[in-house]
Amino acid sequence: MVVFDKPKGLTDAPFHYCPGCTHGIIHRLVAEALDELGLTDRTVGVAPVGCSVFAYNYFNCDMIEAAHGRAPAVATGVKRGEPDCIVFTYQGDGDLAAIGTAETVHAAARNENITVIFVNNAIYGMTGGQMAPTSLPNQVTQTSPYGRDVTVVGYPVKVCEMLSQVDGATYLERVAVNDVKNIRNAKRAIKKAFKYQMEGKGFSLVEVLSTCPTNWGKTPKESLKWLEENMKPYYPLGVYKDKFANEEAK
């Protein structure tokens, strides 16, 4: 009896991520969802600039590397040119919510039939731990050594809440991957987002609260606790928009 197996949607390349980083978990959930829906062979993923810049090494589907922040625009071009393909972007908070804010908002406004996997770890990971658009108030980072001062740099960007006001967006949900229950719920949300794309229902974004032990200056175990105690209260989990919720409930 097989107890554990690697999804066919992942290659054999070892992850380069830091110990305790939850990108690996999220990669697996995306791959499992694509496998279970039978979509891997017709999927195109768009990799970002950030910690997951090498995502094209890990997903066993066609992948495109986008310029920093432009993944939703690239995904739009792929989907419109090849509408039978399943197209997803995999982006961090700097890529999606800083340099790529406009692309994200307008892809949602146009209700592009793509799936966005948004990884929120509240910090810039690849470049050394600077303050990100999602860094919490008073959070200490390399560029906010005394904590994020909202009177000077403003408040964090809450992506699901912001996009919920965009008429075009179809499905928005925030999940986490810091314990078994949340991981299972995250997979359900990711699978639902891909299913909606299969059915032509439009723009879906799943925001995943993730850890960054290296740049948070914590152990992997401490990071899971920090996410639970600090990120989840500021970024509440749940469905922020679902145009087809009633239909799904039937």
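The exercises below, each with a worked solution, concern a predicted model of one protein chain.

**Exercise 1. The chain as a whole**

Describe the make-up of the chain, and decide how its radius of gyration compares with the value from the globule rule.

Solution. Begin with the secondary structure, where the chain has ten helices and seven strands. Next, take the radius of gyration, which is 17 Å and therefore close to the 18 Å that the globule rule gives for 250 residues, so the chain is as compact as a globular protein of that length. The extent of the C-alpha trace can then be added, since along the principal axes it spans about 50 × 45 × 35 Å. Turning to burial, we find that 52% of the 250 residues are buried, while the accessible surface of the chain amounts to about 11200 Å², with 55% of it belonging to carbon and sulfur atoms. Finally, consider the contacts between residues at least 6 apart in sequence: 68% of these join residues at least 24 apart.

**Exercise 2. Two helices in contact**

Classify the packing of helix H2 against helix H4 from the angle between them, and say which residues make the contact.

Solution. First locate the two elements: helix H2 covers residues 71-81 and helix H4 covers residues 101-109. Their axes are 7 Å apart and meet at an angle of about 40°. The second step needs the cut-offs, by which angles under 35 degrees count as roughly parallel and those from 65 to 115 as roughly perpendicular. The angle of about 40° falls in neither range, and H2 and H4 are therefore oblique to each other. The contact itself is made by Pro72, Ala73 and Thr76 on the side of H2, and by Glu103, Thr104 and Ala107 on the side of H4. Sorted by class, these are three nonpolar, two polar and one charged residues.

**Exercise 3. Three alanines in helices**

Decide for Ala75, Ala189 and Ala245 whether each is buried, partly exposed or exposed, and describe the surroundings of Ala75 and Ala189.

Solution. The cut-offs come first: buried means under 20% relative accessible area, exposed means over 50%, and partly exposed lies in between.

- Ala75, which belongs to helix H2, has a relative accessible area of 0% and is therefore buried. Residues up to four places away in sequence set aside, Ala75 touches Val46, Val87, Thr89 and Ile114. By contrast, the C-alpha atoms of Ala75 and Tyr240 are separated by 23 Å, the two residues being 165 apart along the chain.
- Ala189 sits in helix H7, residues 180-198, and with a relative accessible area of 0% it is buried. Beyond its neighbours within four places in sequence, Ala189 is in contact with Tyr171, Glu173, Val175 and Val206.
- Ala245 is part of helix H10, residues 245-249, and because its relative accessibility is 34%, Ala245 counts as partly exposed.

**Exercise 4. Positive phi in a loop**

Find the signs of phi for Ala122 and Asn138, and state whether Ala122 and Asn138 are buried or exposed.

Solution. Start from the general expectation that most residues other than glycine have a negative phi. Ala122 has a phi near 65°, a positive value although the residue is not glycine, and Asn138, also not a glycine, has a positive phi of about 70°. As for position, Ala122 lies in the loop between strand S4 (115-120) and helix H5 (150-153), and Asn138 is likewise in the loop between S4 and H5. The last step is accessibility: Ala122, at 0%, counts as buried, whereas Asn138, with a relative accessible area of 61%, is exposed.

Key. Residues are numbered from 1 along each chain as its sequence is written. This is a predicted model: local features need pLDDT of at least 70, side-chain atom pairs count only at pLDDT 80 or more; totals for chains, interfaces and linings use all residues. Side-chain values use heavy atoms; hydrogens and water are left out. Axes are lines fitted to C-alpha atoms, for helices over the stretch in contact, and angles run from 0 to 180 degrees between N-to-C directions. Helices (H or I, at least four residues) and strands (E, at least two) are DSSP runs, numbered from the N terminus. Angles under 35 degrees count as roughly parallel, over 145 as roughly antiparallel, 65 to 115 as roughly perpendicular and the rest as oblique. Contact means heavy atoms within 4.5 Å. Ala, Val, Leu, Ile, Met, Phe, Trp, Tyr, Cys and Pro count as nonpolar, Asp, Glu, Lys and Arg as charged, and the others, Gly among them, as polar. The radius of gyration is taken over C-alpha atoms; the globule rule is 2.2 Å times the number of residues to the power 0.38. Buried means under 20% relative accessible area, exposed over 50%, partly exposed in between (1.4 Å probe, protein chains only). Accessible areas come from the Shrake-Rupley method with a 1.4 Å probe; for residues, only the protein chains shown count as cover.
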